[in-house]
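Here are a few exercises on ligands and pockets to work through with the structure open beside you. Try each task before you read its solution.

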Amino acid sequence: MAKCNVVPGHVAVIMDGNGRWAKKRLLPRSAGHRAGMERMVGLSGHAFDCGVKYLTMYALSTENLSRPEEELKGLFRLFREYFSAHAETLKEKDVTLNVIGDLSLLPADVAEIIRKGMARTAGGTRGVLTLAIAYGGRQEIVAACNEAVRRGKEVTQEEFEKLLWTGELPPPDLLIRTGKEVRISNFLLWQAAYAELYFTDTLFPDFSDGEFDEALQSFAARDRRFGKV
Ligand code: IPE
Ligand code: IPE
Ligand code: MG
């Protein structure tokens, strides 16, 4: 359990550094993705035990879809292997599994496994695990704009937010990025406007429950002003 008095309601994680984790061990990148997948499963259990209600994890960006075919094949193989089992575990924990992104960019059978996982866990009351897969923040904003145009009426900020893929989620309170880079890489561009940011050099497969707790403690010490004094 996190020793933390202020637990953020919504934590978002950019899971970066799988490839470098593998390289350090002279392993193929696919071994890093497998280790990252294992850590994703572990961390998602821990975060809900800490009292986090919404956990959103960036697993694959739209831009990642331009990686070499061999790497993508390996990633899709991992999704096939892990997705259904993880959905079953979440179902047992009463957590809803949600996916944001453009599923039409994925192999049809992978998209189908994802849809089944979401249907299997629908209505879980303990929290929501959202995986961002084939996700891009700019693409999401453009899709929402196009939907607003289709509806033929100007929208307010609140109405616009509902049109985003995250329409049912509150904005992230804490945004963690592992793997040393200090950038957002097209993740939750609109939603993270007032998120507290936490960057760590730790490569995602090494990002332990204990280090997650440290990020929560850092969050608890922040003074969120939202532009006010
Ligand atoms: C993050 O790890 C996972 C995905 C983007 C799919 P990377 O694959 O980006 O790992 P590095 O950044 O090359 O180490
Ligand atoms: C961001 O990592 C995307 C995910 C973690 C899924 P990248 O490895 O794609 O980011 P860049 O290329 O370093 O910005
Ligand atoms: Mg990376």
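## Two ligands and two pockets

An oxygen atom of ligand 2 is placed 2.6 Å from an N or O atom in the side chain of Ser 185. Keep in mind that this is a predicted model.

**Exercise 1. Find which side chains have an N or O atom paired with an oxygen atom of ligand 2, and at what distance.**

Step 1. Start from Ser 185, whose side-chain N or O atom is 2.6 Å from a ligand 2 oxygen.

Step 2. Go on to Asn 64, where the distance from a side-chain N or O atom to an oxygen of ligand 2 is 2.8 Å.

Step 3. Add Asp 16, with 3.2 Å between a side-chain N or O atom and an oxygen of ligand 2. These distances fall under a cut-off of 3.5 Å for a polar contact.

Step 4. Now look at the cover: of the 390 Å² of accessible area that ligand 2 has on its own, the protein covers 79%.

**Exercise 2. Describe the shell of residues around ligand 2 by element and by class.**

Step 1. List the neighbours; among them are Ile 14, Tyr 58, Leu 60, Arg 177 and Arg 183.

Step 2. Ask which element gives the largest share: strand E2, residues 54–61, with 4 residues.

Step 3. Sort by class, and you get 5 nonpolar, 3 polar and 4 charged residues.

**Exercise 3. Do the same for ligand 1, beginning with its polar contacts.**

Step 1. Asp 16 turns up here too, with a side-chain N or O atom 2.9 Å from an oxygen atom of ligand 1.

Step 2. Arg 20 places a polar side-chain atom 2.7 Å from a ligand 1 oxygen, and for Arg 67 the distance is also 2.7 Å.

Step 3. The protein covers 88% of the 380 Å² of accessible area that ligand 1 has on its own.

Step 4. Residues around ligand 1 also include Gly 17, Asn 18, Gly 19, Arg 29 and His 33. The largest share of this shell, 3 residues, comes from H1.

Step 5. By class, the shell around ligand 1 holds 2 nonpolar, 5 polar and 4 charged residues.

**Exercise 4. Work out which pocket holds the ligands, and what lines that pocket.**

Step 1. Ligand 1 sits in the largest pocket, and the space taken by ligand 2 is the largest pocket as well.

Step 2. This pocket has a volume of about 520 Å³. It is lined by 25 residues, of which Met 15, Asp 16, Ala 59, Asn 64 and Arg 67 are the closest to its centre.

Step 3. Two or more lining residues come from each of H1, H2, E2 and helix H3 (69–92). H2 gives the most, with 5 residues.

Step 4. The lining divides by class into 12 nonpolar, 8 polar and 5 charged residues.

**Exercise 5. Describe the second largest pocket in the same way.**

Step 1. Its space is about 370 Å³. Among its 22 lining residues, the closest to the centre are Glu 161, Pro 170, Pro 171, Trp 190 and Gln 191.

Step 2. Helix H6, residues 157–163, gives the most to this lining, with 4 residues.

Step 3. By class, the lining of the second largest pocket has 11 nonpolar, 6 polar and 5 charged residues.

Methods. Residues numbered from 1 in each chain as written. Chains lettered and ligands numbered in written order. Predicted model: local features only at pLDDT ≥ 70, side-chain atom pairs only at ≥ 80, totals over all residues. Heavy atoms only, no water. Polar contact = N/O pair within 3.5 Å; in protein donor to acceptor, adjacent residues only side chain to side chain. Areas by Shrake-Rupley, 256 points an atom, 1.4 Å probe, with all protein chains shown as cover. 1 Å grid on protein atoms, 1.4 Å probe; cavity = no way out; pocket = protein on both sides within 12 Å on 5 of 7 lines; lining within 4 Å. Sits in = over half its atoms within 2 Å of the grid points. Nonpolar A, V, L, I, M, F, W, Y, C, P; charged D, E, K, R; others polar. Near = heavy atom within 4 Å. Points joined across faces, edges and corners; volume = space filled by probe spheres on them.
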